[in-house]
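Reader: I am in my first year of study and would be grateful for a close look at a single part of this structure. Please examine the disulfide, and then place it in its surroundings.

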Amino acid sequence: MKTQKGFSLIELMVVVAILGILVTVAYPSYRGYVLRGDRADALKNLQALGNAQERYKLNNQEYTKTLTDLGITLNSAGKYETAYYEIEAEDCEDSSGVNIDISLCVQLKATRKDLDPKEGYIIWNTMGELVHETAGSLR
């Protein structure tokens, strides 16, 4: 009688099932780490643009919503583009929804390019406040 070498079909199916379970458990955790890294990068860009806004205000006594005034190249939609986010400047609002004067505040909004509903956007203003962040923590 010959001895056969190799794996049986049952053994291969068990290995594939185990791998499937591992991937199902590991991928969401991995994706969460990637998104947190992307958000941290977006916040770094928001803070750099906020610093540029402060330099602009020193010379012009007000902030600007036109990012080209800061010497930044914009995409065709008029937004500053990073690897995963598009950033634009907009008016700050007070708690009642009324716009705050541009000489006092401007906010920078980073919107996820792939429009992942779990990721959303981050808003940071020149008062140094992280106004809004969706889905998870930067810390």
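Author: What follows begins with the disulfide and then moves outward to the salt bridges, the helix and the chain as a whole. Please keep in mind that this is a predicted model.

The structure holds one disulfide. Its partners are Cys92 and Cys105, whose sulfur atoms lie 1.9 Å apart. In general, such a link is a covalent bond between the sulfur atoms of two cysteines. The torsion about the S-S bond of Cys92 and Cys105 is about -55°, and the disulfide is therefore left-handed. Both cysteines sit in the loop between strand 2 (85–91) and strand 3 (106–112), and they are 13 residues apart. Are these two residues buried or exposed? Cys92 is buried, and Cys105 is buried as well.

Strand 2, which spans residues 85–91, also takes part in a salt bridge through Asp91. The partner of Asp91 is Lys65, and the closest N and O atoms of this pair are 3.2 Å apart. Lys65 belongs to the loop between helix 1 and strand 1, whereas Asp91 belongs to strand 2, so the salt bridge ties together parts that are 26 residues apart in sequence. Lys65 is partly exposed, with a relative accessible area of 42%. Asp91 also counts as partly exposed, at 22% relative accessibility; the limit below which a residue is called buried is 20%.

The count of salt bridges comes to five. In general, side chains of opposite charge can pair when their charged atoms come close. Another of these pairs joins Glu88 and Lys79, with 3.8 Å from N to O. Glu88 is partly exposed, its relative accessible area being 24%. A further salt bridge is formed by Lys113 and Glu81, whose closest N and O atoms are 2.9 Å apart. Because Lys113 lies in the loop between strand 3 and strand 4 (121–125) and Glu81 lies in strand 1, this pair ties together parts 32 residues apart in sequence. Lys113 counts as partly exposed at 33% relative accessibility, and Glu81 counts as partly exposed at 39%.

Attention may now turn to the helix. Helix 1 covers residues 9–60, and Leu19 is found in it. Leu19 is partly exposed, with a relative accessible area of 48%. Together with Leu9, Ile10, Met13, Val14, Val15, Ile18 and Leu22, Leu19 forms a nonpolar patch on the surface; the accessible area of this patch is about 800 Å². Gln61 lies in the loop between helix 1 and strand 1 (80–81). The phi angle of Gln61 is near 60°, a positive value in a residue other than glycine. Gln61 counts as exposed, at 56% relative accessibility.

Finally, the chain as a whole may be considered. The protein chain has one helix and five strands, in the order α-β-β-β-β-β along the sequence. Its radius of gyration is 24 Å, well over the 14 Å that the globule rule gives for 139 residues, so the protein chain is more spread out than a compact globule. The C-alpha trace spans about 95 × 30 × 25 Å along its principal axes. Of the 139 residues, 29% count as buried, and Cys92 and Cys105 are both buried. The accessible surface of the protein chain comes to about 9300 Å², and 57% of this surface belongs to carbon and sulfur atoms.

Key: Residues are numbered from 1 along each chain as its sequence is written. This is a predicted model: local features need pLDDT of at least 70, side-chain atom pairs count only at pLDDT 80 or more; totals for chains, interfaces and linings use all residues. Side-chain values use heavy atoms; hydrogens and water are left out. A disulfide is a pair of cysteine sulfur atoms within 2.5 Å. Helices (H or I, at least four residues) and strands (E, at least two) are DSSP runs, numbered from the N terminus. Buried means under 20% relative accessible area, exposed over 50%, partly exposed in between (1.4 Å probe, protein chains only). Patches are made of residues with over 30% relative accessible area and no salt bridge: like charges are joined within 9 Å, nonpolar side chains (Val, Leu, Ile, Met, Phe, Trp, Tyr) within 5 Å. Accessible areas come from the Shrake-Rupley method with a 1.4 Å probe; for residues, only the protein chains shown count as cover. A salt bridge is a side-chain nitrogen of Lys or Arg within 4 Å of a carboxyl oxygen of Asp or Glu. The radius of gyration is taken over C-alpha atoms; the globule rule is 2.2 Å times the number of residues to the power 0.38.
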